[in-house]
Amino acid sequence: MKISLRFIAGILAVGLCNFMPAKAQQQPASITVNLKQETGDMTPIWAWFGHDEPNYTYMKDGRKLLTELAALSPDPVHLRVHNLLTTGDGTAALKWGSTNAYTEDTNGKPVYDWHLIDSIFDTYIKRGIKPYAQIGFMPQALSTHPEPYRHYWKPGDDYNDIYTGWAYPPKDYNKWEELIYQWVKHEVARYGQKEVESWYWEIWNEPNISYWKGTMSEFFKMYDYAAHGLKRALPTAKIGGPEIAGGSSKSGMKFLRAFIEHCIADTNYATGKIGTPLEVLSFHAKGQPTLVDGRVRMNMAPQLRDIMESFKIIASYPQTKNIPVVIGESDPEGCAACGMATNPQNAYRNGTMYSSYTAASFARKYELADSLGVNFMGAVSWSFEFENQPWFYGFRDLATNGVDKPVLNVFRMFGMMKGKRVKVIASEMHPLQTVIDLGLRGKGTDIGALAAKDKKEATVIIWNYHDDDIQNEGKPVNININDIPATVASVVQYRIDDKHSNSYEVWKKMGSPQKPTEAQIKQLEQAGQLQTIGKPLKLSVKAGKLNTVIDLPRQGVALLVVRW
């Protein structure tokens, strides 16, 4: 019997990997990384998070998760949260929160109370986290339509129930401006000018839909007065907006253009001069999962179209082309608090569907920014945690009851990537335009990679993704890394799949307990951490080239860390 030398070499290469045995019957996907071909900075666009409920921030599981978010990134993490100016007693609830920062006495004189905002921002600053500080929503005493105000929405209710008195314009713009002035002045006194100068401030949320019950002109007026109050308190503070919903929708694109043109060329409502401060531009981008024959089917295409169209608008104005851009919410769909019990299309959230989608979508965000030449600073994952809720209820969150979900480990992987992004050629990675037009719904899965290099190190994140929620054993991936200036390199592989870095699968094997024991919670916490697969390797580098093969199951994500 004759055995080719090529076959023997292939078997030896797989054995050297010591990660997983490759499937000899399948043609491997190939990924080539060229370290000398830089494509841009490995900007930590992923290190941005947000949520509706500000009062979760300083609660037990909120503090724990923020500590973990701060630890996963060498760069400061940014947090965006709604309801920082909403009136109330600080009771936390789904899609609700309050700080009672502004009330009025019986004579209509403003009363400022910063203690709950302090609790929120203190929690951030203690961990080195930067507020992406949202100026909103309207205090009850300032609202032109103050009743009803507090809502009691729950999953399954009409989403429109949330839009109450907080969504209306101020009845007194001078009092609104003074509120922002006093707020920013307080933050400078509490944290110091240098610290507050490092924050970005933004106005409101999704003013092109019912989050804003005023007109477009009234929004611009509200923005101008807020910006003027902020700049009076700290002239070097940075502010922007408009955080539109649906970056590719007709209303979103119309609003974004009008907002930019107002800031560039219109008369400022507060100052009477031409122009309004604008140091950051923001919009939202969402996907659209559905159920097909009882199974979740994701759709990345609408999210990428939102990003593409808004990037195009921003790049079309010379005055905004280089302004930092933040996708203020960038997610697989719209409602973080809508669990899978009431919204079964959201059943992707607990397991590896969410983590592999996140890896595949963030790579495309970098690609879009590169192609359109915008100054892309951040993409907020609108996902945090929901305190004291059922285990693995299917909220869009990063952790459940203090236990990390698989998706959080993708951000841990991103946190290990630094330096410069470099060229990747992947035989089974779908072209960007195809994903924008059609999503990832063809016959083959999307096996792609994002790579970076730093001093004496390369990092490569690899995913096996498809919009249809199906798991299988996947296929081998042949990885070639070129231009390594050494003869030997160490390789460590981190992995997220059904057996690694996956608290959800462990929880299900326990019988899906809603009251897990202390021992079970400890086991779940361990399962939620990012894990390596196989042993660290020392591999030969020949003529600058390193080769390794891994088996990557469908919905799996791997990170290779190569050091020399």
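## What counts as a cavity

On a 1 Å grid over the protein atoms alone, a cavity is a set of points where a 1.4 Å probe fits but cannot get out. Grid points are joined across faces, edges and corners, and the volume is the space filled by probe spheres set on the points. A residue belongs to the lining if it has an atom within 4 Å of a point.

This is a predicted model, so local features need pLDDT of at least 70 and side-chain atom pairs count only at pLDDT 80 or more, while totals for chains, interfaces and linings use all residues. Residues are numbered from 1 along each chain as its sequence is written, and side-chain values use heavy atoms, with hydrogens and water left out.

## The holes inside

How many cavities of 30 Å³ or more does a search of the whole structure find? There are four, and the largest has a volume of about 70 Å³. It is lined by 13 residues, and Ser330, Pro332, Tyr354, Thr358 and Ser381 are the closest to its centre.

Two elements give two or more residues each to that lining: β12 (324-331) and α9 (352-372). These labels come from DSSP runs numbered from the N terminus: helices are H or I with at least four residues, and strands are E with at least two. Helix α9 gives the largest share, six residues. Sorted by class, the lining has five nonpolar, six polar and two charged residues. Here Ala, Val, Leu, Ile, Met, Phe, Trp, Tyr, Cys and Pro count as nonpolar, Asp, Glu, Lys and Arg as charged, and the others, Gly among them, as polar.

## A barrel of strands

Now for the barrel. Eight strands close up in the order β2-β3-β6-β7-β8-β9-β12-β13, with parallel pairing. Two strands pair if DSSP finds at least two bridges between them. For example, β3 (residues 78-81) and β6 (residues 130-135) pair over two bridges, and His78 sits opposite Lys130 in β6.

Elsewhere, β19 and β23 pair in the antiparallel sense over seven bridges, with Asn478 opposite Val549 in β23. Strand β23 (residues 546-552) is largely enclosed by the rest of the structure, because six of its seven residues are buried. Buried means under 20% relative accessible area, exposed means over 50%, and partly exposed is in between (1.4 Å probe, protein chains only).

## Loops, hidden and open

Is Arg396 buried or exposed? Arg396 sits in the loop between β13 (375-381) and β14 (399-400), and with a relative accessible area of 0% it is buried. Its side chain reaches the backbone oxygen of Glu333 at 2.8 Å and that of Trp382 at 3.1 Å.

Two other loop residues are out in the open. Thr487, between β19 (475-482) and β20 (488-496), is exposed at 60%. Lys273, between α7 (250-265) and β9 (280-286), is exposed at 59%.

## Some backbone oddities

Most residues other than glycine have a negative phi, and most peptide bonds are trans. Glu206, in the loop between β7 (200-203) and α6 (216-233), has a positive phi of about 45°. Gln555, in the loop between β23 and β24 (557-563), has a phi near 75°.

Which peptide bond has an omega of about -10°? That is the cis bond joining Glu147 and Pro148. Another cis bond runs from Gly241 to Pro242, with omega near 0°, and Pro242 is in strand β8 (residues 238-244).

Terms used. Polar contact = N/O pair within 3.5 Å; in protein donor to acceptor, adjacent residues only side chain to side chain. 1 Å grid on protein atoms, 1.4 Å probe; cavity = no way out; pocket = protein on both sides within 12 Å on 5 of 7 lines; lining within 4 Å.
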